[in-house]
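Student: I am new to this structure and would love a close look at one part of it. Could you pick a helix and walk me through its surroundings?

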Amino acid sequence: MGSLSVPGVEDPDPSGLTAPFCRTVTPEGDVLLLAPGDSAAARAAAYAQDDDLTAVMEITDVAPVSVPHRVRGRAWVAGWLTPVRNDDRAHCAALLAERHPVDELLGIGEAVQPPPAPGIPGRAAWLMLRLEVGECAVDDLWGAGTAEPEEFAAAAPDPLVAHEAELLQHLHSAHGPQVRGLCGLLGDRGATVCGARDEATPVALDRFGLRVRFTGDGRTPFDARFDFPEPVRDVAELRRAMHALFEAAEG
């Protein structure tokens, strides 16, 4: 889930936030957003007199499985917001469409105009915005930290990101006993979090490993991280890595 706010700009939405319909990152590290044309963020960007309009995008990461405390982390990306203009529109629309097949909303093949000034009839339903990244911060299950714009631009998506929700749900529904059996890899700690009535739910999965949340008997939920021997590059390698973890736990 994502939201976009412009400090000092009032939004008719009581939350004060714009929820972009879709977003992606350019090879240069800018964030492209498709926002409602009548939102405060879109109007502020369309009528700003210069490129010094600051904005903050907040992303909330929610576990795709049912567990207590489902929010896995939050990230903030702050920078300078401008509308995508002129010849850049077709290129940026194509970048967005690679991730989100919504060509009709992106106006591919047409000029996507900014919303009219207040009081003038008619408006654009959507507006493409560019957020030039100035700073980033993350607070998640792995800890808190910051990243420079250059690090943000150089970061690559995790190869499992498109499949994570489906894989976690599959592990939970089809391999529950094996996931719970990973307690065998926790040593002495396993004796305190692996009671007969405890539950084990996979809550996060990436190329480096699996995170499982153990709950039960009124205890505070406990998360354990199980790292793969080496980062996986695709689902086939993930399957082998998971089998290795399960076998190690049984042994």
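Tutor: Happy to; here is a tour of helix α8 and the pocket beside it, followed by a brief look at another pocket and the start of the chain. Keep in mind that this is a predicted model.

Let's begin with the helix itself. Helix α8 covers residues 235-250, which makes 16 residues. At 1.5 Å a residue it should span 22 Å, and its end C-alpha atoms are 23 Å apart, so the expected and computed values agree. At the N-terminal end, aspartate 234 acts as a cap for α8: one of its side-chain oxygens is 3.2 Å from the backbone nitrogen of alanine 236.

Now look at which parts of the helix are hidden. The buried residues of α8 are Glu237, Leu238, Ala241, Met242, Leu245, Phe246 and Ala249. Their cover includes two helices, α5 (164-174) and α6 (176-181), along with the strands β8 (199-206), β9 (209-215) and β10 (222-227).

Helix α8 also helps to form a pocket. The second largest pocket holds about 230 Å³ of space, and α8 gives the largest share of its lining, 6 residues. Helix α5 is also a contributor, as α5 and α8 each supply at least two lining residues. Among the residues that line this pocket are Leu238, Met242 and Phe246, and these three are also among the buried residues of α8. Other lining residues include His170, His175 and His243. By class, the lining has 7 nonpolar, 4 polar and 1 charged residues.

For context, turn to the largest pocket, with about 2100 Å³ of space. It is lined by 46 residues, and Ile59, Ala156, Pro157, Asp158 and Val161 are the closest to its centre. Elements that give two or more residues to this lining include α5 and β8, both of which also help to cover the buried residues of α8. The largest share, 6 residues, comes from β5. The lining is made up of 27 nonpolar, 8 polar and 11 charged residues.

Finally, visit the start of the chain. Methionine 1 sits in the segment before β1 (2-5), and with 67% relative accessibility it counts as exposed. Leaving aside residues up to four places away in sequence, methionine 1 touches Glu58, Ile59, Thr60 and Val62. Of these, Ile59 is one of the residues closest to the centre of the largest pocket. The C-alpha atoms of methionine 1 and arginine 74 are 9.6 Å apart, although 73 residues separate the two along the chain.

Note on methods. Residues numbered from 1 in each chain as written. Predicted model: local features only at pLDDT ≥ 70, side-chain atom pairs only at ≥ 80, totals over all residues. Heavy atoms only, no water. Helix = DSSP H or I, 4+ residues; strand = E, 2+ residues; numbered from the N terminus. Expected span 1.5 Å × (residues − 1). Buried < 20%, exposed > 50% of the residue type's maximum accessible area, 1.4 Å probe, protein only. Contact = heavy atoms within 4.5 Å. Polar contact = N/O pair within 3.5 Å; in protein donor to acceptor, adjacent residues only side chain to side chain. 1 Å grid on protein atoms, 1.4 Å probe; cavity = no way out; pocket = protein on both sides within 12 Å on 5 of 7 lines; lining within 4 Å. Points joined across faces, edges and corners; volume = space filled by probe spheres on them. Nonpolar A, V, L, I, M, F, W, Y, C, P; charged D, E, K, R; others polar.
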